[in-house]
Structures are given as C-alpha cells and as structure tokens.
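Grab a pencil and work through these exercises with the viewer open. Try each task before you read its solution.

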Amino acid sequence: MATQGRAAEAAVPEAGALMYDPVTRKVGEYQDEAGPYAMLRPVGGGREWEADPARIRPATPEERLGAGVKAANVRAVQGL
C-alpha cells in the first residue's frame, strides 16, 4: 500500500506543467491546488480556472502546440 501512496504523490503535476482539462477542453498551466480543485491558467496568461484534479492529464504534444499557437495569435491580435 505504501507504493500506491508514492504513486499518488508523483501524480501531482509541477507548477507550470501543461495539463489538459477535458471538461473545458482547454490546456492550462498547472498552478497549484486550492481545496479540492486544481488551478489552471491559460497558456500565455489570463484568468485561472478550477479543474477536477482526478480528470486533468498531461497535455499531448499536439495539444501543447495548439495552446501555444492560440496564445501567439491572441498576442498578435492585441499587438503585444
């Protein structure tokens, strides 16, 4: 049973890790946990949202690329 505890602890992402939230269908940077929620922030900045930590997963390379392109497009439109 001690092995399961270590595996569960290892499942907590590091701050800044890109995670996919299937509920919102968005990729976000993992910030921390707040109560029962994982806090994710949009790639490139923006308002955090609450996600179910049991449902989020690491973003695939394609999802990471898509999130980066979306953030770059937002910056281009805003003239940043």
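**Exercise 1. Work out the order of the strands in the sheet of this predicted model, and find its edges.**

Solution. Start by tracing the sheet from one side to the other: five strands line up as β4-β3-β2-β1-β5. The sheet is open, and its pairing is antiparallel. Now look for strands that pair on one side only: those are the edge strands, β4 and β5 (57-58). If you wonder what holds such neighbours together, strands of a sheet pair through backbone hydrogen bonds.

**Exercise 2. Follow β1 and find its partners on both sides.**

Solution. Step one: β1 is joined to β2 by four bridges, and the two run antiparallel. Here Y20 sits opposite V27 of β2. Step two: turn to β5, which pairs with β1 in the antiparallel sense over two bridges. Y20 turns up again, this time opposite R57. Step three: check the side chains of β1. L18 and Y20 point one way, M19 and D21 point the other way, and all are buried.

**Exercise 3. Find the residue with a positive phi in the turn between β1 and β2.**

Solution. β1 and β2 make a hairpin with four residues between them. Among the residues of that turn, check R25: its phi is near 55°, a positive value in a residue other than glycine. What makes that worth a second look? Most residues other than glycine have a negative phi. Is R25 buried or exposed? Its relative accessible area is 68%, and the cut-off for exposed is over 50%, so R25 is exposed.

**Exercise 4. List the residues of the largest nonpolar core and see which elements supply them.**

Solution. The core has seven residues: M19, Y30, A38, L40, W49, A51 and I56. Next, sort them by element: β3 (37-42) and β4 (49-51) each give two or more. There's also a second, separate core of five residues, including L18, Y20, V27 and A59. Now zoom in on L40 in the largest core. Leaving out residues up to four places away in sequence, L40 touches M19, Y30, W49, A51 and I56, among others.

**Exercise 5. Place V12 and find what it touches.**

Solution. V12 lies in the loop between α1 (2-10) and β1 (18-21). Not counting residues up to four places away in sequence, V12 touches Y30 and E33. V12 and E33 are 21 residues apart in sequence, yet their C-alpha atoms are 9.2 Å apart in space. Finally, the accessibility: at 43% relative accessible area, V12 is partly exposed.

Notes: Residues numbered from 1 in each chain as written. Predicted model: local features only at pLDDT ≥ 70, side-chain atom pairs only at ≥ 80, totals over all residues. Heavy atoms only, no water. Core = buried A, V, L, I, M, F, W, Y, C linked by side-chain atoms within 4.5 Å. Buried < 20%, exposed > 50% of the residue type's maximum accessible area, 1.4 Å probe, protein only. Contact = heavy atoms within 4.5 Å. Pairing = 2+ DSSP bridges.
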